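Student: I have a structure open and would like to talk it through with you. Could we go step by step, starting with the terms we need?

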Amino acid sequence: MRWIRGIIAATALLAATACGEQTTAQNQPGAGAEPPPASQELSRAPEDVPHDGPVPMGQIDSAALPEGYPLDVAVSEQGRTLTIVAQEGGCTKASATVEEQTERKVAITLVESKPADKNVACTMDMRYPPLTVELEEPLSDRKVVLDHETSTH
């Protein structure tokens, strides 16, 4: 979840910069008539840089996920890393695999593996681990198609 730390750091930097600029602007004659300082212009991300952060819900196809499955997908590392919150519990273990990458979509299968031995005692807790997958190209506006399967190990 590096993107969360990045957002927090950027917010702190922006707040510190804004406070410093107010002090400077008050000490200059005609402060209200001047164009904004260059630092404000640089605080905006260039439009050609891929977006990092939550993937919009309209860009996610979750029709194949079980009812009640968490739906939390984020993109980072300039669009090349997807972090998907999965679901596991008791003796099960979650994993994610990129199945297909095309110009229009990225298909990912979320696998919940359970032990082959049916005599294993398992707890009833649920966990929601973040799983990451690497993409060949930045996600951009491609659709994220999520599938789910259960396997035994």
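Tutor: Happy to! Buried means under 20% relative accessible area, exposed means over 50%, and partly exposed lies in between. Keep in mind that this is a predicted model.

Student: Thanks! With those cut-offs, is arginine 127 buried, exposed or partly exposed?

Tutor: The relative accessibility of arginine 127 is 28%. Partly exposed covers the range between under 20% and over 50%. Arginine 127 therefore counts as partly exposed.

Student: Which residues are linked with Arg127 in a network of salt bridges?

Tutor: Start with glutamate 88, which forms a salt bridge with arginine 127, the closest N and O atoms being 3.2 Å apart. Aspartate 125 also forms a salt bridge with arginine 127, with the closest N and O atoms 3.0 Å apart. Arg127 is thus linked in a network with Glu88 and Asp125.

Student: How many residues apart in sequence are the parts that glutamate 88 and arginine 127 tie together?

Tutor: The salt bridge is between glutamate 88 and arginine 127. Glutamate 88 belongs to strand 5 and arginine 127 to strand 8, so the pair ties together parts of the chain whose separation in sequence is 39 residues.

Student: And is glutamate 88 buried or exposed?

Tutor: Its partner aspartate 125 in the network makes a useful contrast: aspartate 125 has a relative accessible area of 31% and is partly exposed. Glutamate 88 has a relative accessibility of 6%. The cut-off for buried is under 20%, so glutamate 88 counts as buried.

Student: Which residue does glutamate 100 meet in a salt bridge?

Tutor: The structure holds 3 salt bridges, and in this one the N to O distance is 3.3 Å. Glutamate 100 is partly exposed at 35%, and its partner is partly exposed at 29%. That partner is lysine 105.

Student: Now the cysteines. Is the disulfide of cysteine 91 and cysteine 122 left-handed or right-handed?

Tutor: The count of disulfides is 1, and this one joins cysteine 91 to cysteine 122 with an S to S distance of 1.9 Å. Cysteine 91 sits in the loop between strand 5 and strand 6, while cysteine 122 sits in the loop between strand 7 and strand 8, 31 residues apart. The torsion about the S-S bond is about -110°, so the disulfide is left-handed.

Student: Why is strand 4 described as largely enclosed by the rest of the structure?

Tutor: Look at its two faces: Thr81, Thr83 and Val85 are buried on one side, and Leu82 and Ile84 are buried on the other. Strand 4 is largely enclosed because the number of its 5 residues that are buried is 5.

Student: Which strands pair with strand 4, and in what sense?

Tutor: Strand 3 pairs with strand 4 over 4 bridges, and valine 73 stands opposite isoleucine 84 there. Strand 9 pairs with strand 4 over 5 bridges, with valine 85 opposite proline 130. The partners are strand 3, which is antiparallel, and strand 9, also antiparallel.

Student: Which element gives the largest share of the largest nonpolar core?

Tutor: That core has 19 residues, and Val55, Leu82, Ile108, Leu139 and Leu146 have the most contacts inside it. The elements giving two or more residues are strand 3, strand 4, strand 7, strand 9 and strand 10. The largest share, 3 residues, comes from strand 7.

Student: What is the strand order in the open sheet of 4 strands?

Tutor: Strand 2 and strand 6 are the edge strands, each pairing on one side only. Strand 7 and strand 10 pair in the parallel sense over 10 bridges, and threonine 150 is the bridge partner of glutamate 112. With mixed pairing, the order is 2-10-7-6.

Student: Last one: is histidine 148 buried or exposed?

Tutor: Histidine 148 is in strand 10. Beyond neighbours within four places in sequence, histidine 148 is in contact with Ala64, Leu65, Pro66, Tyr69, Leu110 and Glu112. Its relative accessibility is 17%, so histidine 148 counts as buried.

Notes:
Residues numbered from 1 in each chain as written. Predicted model: local features only at pLDDT ≥ 70, side-chain atom pairs only at ≥ 80, totals over all residues. Heavy atoms only, no water. Buried < 20%, exposed > 50% of the residue type's maximum accessible area, 1.4 Å probe, protein only. Contact = heavy atoms within 4.5 Å. Pairing = 2+ DSSP bridges. Core = buried A, V, L, I, M, F, W, Y, C linked by side-chain atoms within 4.5 Å. Disulfide = S-S within 2.5 Å. Salt bridge = Lys/Arg side-chain N within 4 Å of Asp/Glu carboxyl O.
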